[in-house]
Amino acid sequence: MPEKITPDCPARQTLFEHAARLKSVHTMDMFADDPERFERFSFEFGGLFMDLSKNHLDRATLLSLIELARTTGVEKWRDRMFSGDPVNGTENRSALHVALRNPDGPKVTVEGEDITASVRQELAQMAGMVEQLRNHLWVGATDKPITDVLHIGIGGSILGPAAAARALARPKNQPIRIHYVSNVDAEAIFPVLESLNPESTLITAVSKSFSTLETLTNAETAREWLLETLPVEKIGRHLIGITAEPSVAVAFGIPKENILTFWPWVGGRFSLWSAVGLPIALTIGMDRFYRLLQGAQQMDRHFCDAPLEQNLPVLLALTGIWNTDFQNTGAHAILPYDERLAGLPQHLQQLEMESTGKSANRWDEMTPWHTAPIVFGMPGNDAQHTFFQALHQGTRTISADFIGCIRQDHPHDNHHDRLMANLFSQTEALMRGRTEMNGGSDIHRLCPGNRPSTTILLDALTPEAVGMLLALYEHKVFVQGTIWGVNPFDQWGVELGKELAQTILDQIEAADPVTSHDGSTNGLVNRFVKTRQTPSS
Ligand code: F6P
């Protein structure tokens, strides 16, 4: 384990000095002082271009941040992760999602098992299913071909796959319709079921643990819905399970041959590269799914091989560390200026906040600094008319990633030009601001500027580019977790709420007055139960 660093270690102290030195310097002045600033702070890899120059930092700051990465052992932790060491310390597990996108790479073993062989085998089974389904050769209980897939999962079992499938779906190329349901609310699943025909619908129940309340409840509902029309002995043709717990899925009633597995060493939020990515492959076809994996693999290689000074995930992570730890930003916006990337903010919200939203560090102590910022976002122009006001003039500084594509996939230049003009102008406005010198003196119209943003431009939204982009963020999160000293691969915080929900569910079902909680929770549960027992007028 690398040496523990403390708030007063030289690497962090130097960064506080940079923050003090730059406090009265406007980012605009940094451009004036350094005409090459854009070139110096722009980085590129494989058609992914990243401009950090609108962040409030200079070259010396960046070098000190890189020093911080070295001091905290980012390179060593990265190498440990790729070699299969149990970097997920609190669960004593490897974190080998990178092996999922390198099925033909060198052998990696986990507890004596060659996992690259297992990855290839699962991919082959998934490819067979994709082939059958996309060619309408998979028939249901009444010999009707499957035309619709209902993907049931929650968190990492749905957000990443849905985001990637949406990014790469091209309408003319959709032999199978995919419907996603995650929430346990009946308002989520029943309207979808009502729009479907059980004879031509396949249910995919996706859960790493196969014990998640929301997913199991929805899967049970979907199975009952199938049984309303189809004979019990044939509904197996309408069920696929994707899980790291195949025996539990079999016990649920999914035929063994319809179970795709992944492994304990793949975290849910990192799992879209495994069979969890089935809806992506169904949407785009297996060839393009492999291209997605290849894009991610290219980013993995870059992350492993590029010097830290040129390493995109490292630099993106360090910029975030600078903003959070030394510029006091507490929130970070993800702003895709591309409707196809509309699922990205939610996926990254889980990826970042579930990975680094921790208070205990690897040395079993409370962290002395803040960790994950609040991550939120929505597609660009909509966000401008929603929460950008606070980005421009709010009392808190919020950092942002602007993500756009240079080449669009449609012929409508007038739309694309307007979209991208907004992306560029917003990053300029956030940095430049409107001061008395270049605007009026009406205090209500002034914008302080100096609001940090990073711009990521993809040449085009190809499967490779999406793979690279998603892997870029995965590694960013890993680097930040390493620097903050937290384990980015566990999520113990979500367990307490799950346990309490089970207790309260039992109490609601028993419908007796409850006194075992705090006054508020007792009061709310009792009011819920009592009001429901009273006929509504
Ligand atoms: O509750 C959080 C979580 O465990 C996530 O980490 C995970 O992505 C999600 O729930 C779903 O879990 P599972 O895939 O086991 O159903």
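A polar contact, as I use the term today, is a pair of N or O atoms within 3.5 Å. The model on the screen is a predicted one.

With that term in hand, let me start at the ligand. A backbone N or O atom of K208 lies 2.8 Å from an oxygen atom of the ligand, so the pair counts as a polar contact. Two side chains also contribute. From S207, a polar side-chain atom sits 2.6 Å from a ligand oxygen atom. From T212, the corresponding distance to an oxygen atom of the ligand is 2.5 Å, again from a polar side-chain atom. On its own the ligand would expose 390 Å², and the protein buries 87% of that. In total, 13 residues surround the ligand, and S157, S207, S209, T212 and E354 are the closest.

Next, the largest pocket. Its space comes to about 1,300 Å³. The lining has 45 residues, and those closest to the pocket centre are T212, E354, Q491, V494 and K498. T212 and E354 are thus named both there and among the closest residues to the ligand.

Which helix gives the most to this lining? That is α20, with 6 residues. α10, at 213–227, and α15, at 344–356, each supply at least two, as does α20, at 493–510. By character, the lining divides into 20 polar, 15 nonpolar and 10 charged residues.

Last, the domains. The assignment gives domain 1 in four segments, 10–20, 40–71, 306–433 and 447–484. Domain 2 covers 97–287, and domain 3 covers 492–533. Between the C-alpha centres of domain 1 and domain 3 the distance is 40 Å.

Technical notes
Residues numbered from 1 in each chain as written. Predicted model: local features only at pLDDT ≥ 70, side-chain atom pairs only at ≥ 80, totals over all residues. Heavy atoms only, no water. Domains from an automatic or database assignment. 1 Å grid on protein atoms, 1.4 Å probe; cavity = no way out; pocket = protein on both sides within 12 Å on 5 of 7 lines; lining within 4 Å. Points joined across faces, edges and corners; volume = space filled by probe spheres on them. Helix = DSSP H or I, 4+ residues; strand = E, 2+ residues; numbered from the N terminus. Nonpolar A, V, L, I, M, F, W, Y, C, P; charged D, E, K, R; others polar. Near = heavy atom within 4 Å. Polar contact = N/O pair within 3.5 Å; in protein donor to acceptor, adjacent residues only side chain to side chain. Areas by Shrake-Rupley, 256 points an atom, 1.4 Å probe, with all protein chains shown as cover.
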